[in-house]
Amino acid sequence: MSMNDEMTLHMRLPASFEHLAMLEPCITTMLRQAAPGIDTTLRYNIILAVHEACANIVEHAYQGQPDGQIAMACMLTDAPARLEIELHDTGQSFDLDQVTLPEPGTVQEGGYGLFLIYALLDEVHYLPQPGGNRWRLVKYLA
Amino acid sequence: MQTVITTTCDVAVLHLAGRFDAHEVADMDTWFREATTRKPPRIVVDLQRVTFIDSTALGKLVQAMKHCRQHGGDLRLCGVQQPVRIIFELTRLDRAFAIFPDEATALETPWEPVSL
């Protein structure tokens with residue numbers, strides 16, 4: 001896969017499920033321009049993982065608060081080719097280590113979001129901080 | 001999300017198109033509640049034209065499938081395309097759902113009670 005110049009995309013979206021549909025065209029456009037050879041499945045997987053992280057923020061950090069915001073920065077870098085996504089929210093934090101992930105093969109009605117984020121990405125960091133929580137998600141593209 | 005609902009031989013068929021996610025799933029709650037009141041509840045969800053499925057929508061399908069099976073029926077999936085299929089494969093729910101290549105096969109295959 002050949003990459004063009006390094007690129008950073010910043011966006012801020014209302015923390016509602018309705019607005020998460022905006023992630024797909026934004027990330028797709030960025031990847032098409034900066035990494036035109038990227039595999040369709042890889043692109044879909046990245047979008048799904050970012051969607052799940054944002055859905056987690058909407059549901060658990062803001063818990064339906066209507067005025068919540070999600071700030072996102074997507075950084076594409078070469079050598080190594082990788083996409084780093086930072087998400088920032090000012091909602092409730094949680095302890096990532098206390099979350100029990102579903103065992104593959106068990107038939108559950110919920111709880112797959114975090115499982116998918118881990119499964120689809122190479123690095124997942126969650127940093128609860130004073131004034132807000134930060135997710136750092138990394139996917140290597142080569 | 002576009003939806004088309006048909007009923008064929010006591011089977012409720014739901015054709016979805018576009019995104020099936022946490023936002024859209026709320027609109028499907030009423031339909032699933034009504035469709036699962038049939039005895040036995042038999043549902044086919046056609047995902048051929050679905051371009052995106054998230055974990056919330058997946059959970060809704062699991063919930064409806066469990067309800068159908070607990071009442072002697074089933075919820076079958078058909079037309080699951082790549083890359084949408086990845087969510088079923090990673091969670092291994094592709095082994096829990098009865099997944100058929102197309103609607104005709106899903107409808108024609110005999111309906112027998114399925115244990116959870």
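This report walks through the salt bridges of a predicted model and then the contact between its chains B and A.

**Salt bridges**

Counting over all chains, the structure has nine salt bridges. Four of them are set out here, with the closest N-to-O distance for each.

| Residue | Partner | N to O distance |
|---|---|---|
| A:Glu84 | A:Arg82 | 2.5 Å |
| A:Glu84 | A:Arg136 | 3.5 Å |
| B:Arg85 | B:Glu89 | 3.7 Å |
| B:Arg19 | A:Glu24 | 2.9 Å |

A good place to start is A:Glu84, which pairs with A:Arg82 and also with A:Arg136. What does the bridge to A:Arg136 tie together? A:Glu84 sits in strand β3 of chain A (residues 82-89) and A:Arg136 in strand β5 of the same chain (residues 132-140), so this pair links parts that are 52 residues apart in sequence.

Are these side chains buried or exposed? A:Glu84 and A:Arg82 are both buried. For A:Glu84 the relative accessibility is 12%, and it counts as buried because the cut-off is under 20%. A:Arg136, at 23%, is partly exposed.

There's a wider circle here too: A:Arg82, A:Glu84, A:Glu123 and A:Arg136 join up in a network of salt bridges.

Over in chain B, B:Arg85 pairs with B:Glu89. Both partners are partly exposed, B:Arg85 with a relative accessibility of 26% and B:Glu89 with 33%.

**Where chain B meets chain A**

Now to the interface. Here 24 residues of chain B touch 24 residues of chain A. Together the two chains bury about 2100 Å², and carbon and sulfur atoms account for 67% of that area. Which residues of chain B lose the most area to chain A? They are B:Arg19, B:Phe52 and B:Leu90, which together make up 24% of what the chain B side buries.

B:Arg19 turns up again in the polar part of the story. One salt bridge is found across this interface, and B:Arg19 forms a salt bridge with A:Glu24 at 2.9 Å. Six residue pairs are in polar contact across the interface, counting pairs with both residues at pLDDT 80 or more.

As for the elements involved, β3 (42-53), α2 (55-70) and α3 (86-90) of chain B each bring at least two residues to the side that touches chain A. The biggest contributor is α2(B), with seven residues. By type, the chain B side splits into 13 nonpolar, six polar and five charged residues.

Terms used: Residues numbered from 1 in each chain as written. Chains lettered and ligands numbered in written order. Predicted model: local features only at pLDDT ≥ 70, side-chain atom pairs only at ≥ 80, totals over all residues. Heavy atoms only, no water. Salt bridge = Lys/Arg side-chain N within 4 Å of Asp/Glu carboxyl O. Buried < 20%, exposed > 50% of the residue type's maximum accessible area, 1.4 Å probe, protein only. Helix = DSSP H or I, 4+ residues; strand = E, 2+ residues; numbered from the N terminus. Contact = heavy atoms within 4.5 Å. Buried area = accessible area lost by both parts, 1.4 Å probe. Polar contact = N/O pair within 3.5 Å; in protein donor to acceptor, adjacent residues only side chain to side chain. Nonpolar A, V, L, I, M, F, W, Y, C, P; charged D, E, K, R; others polar.
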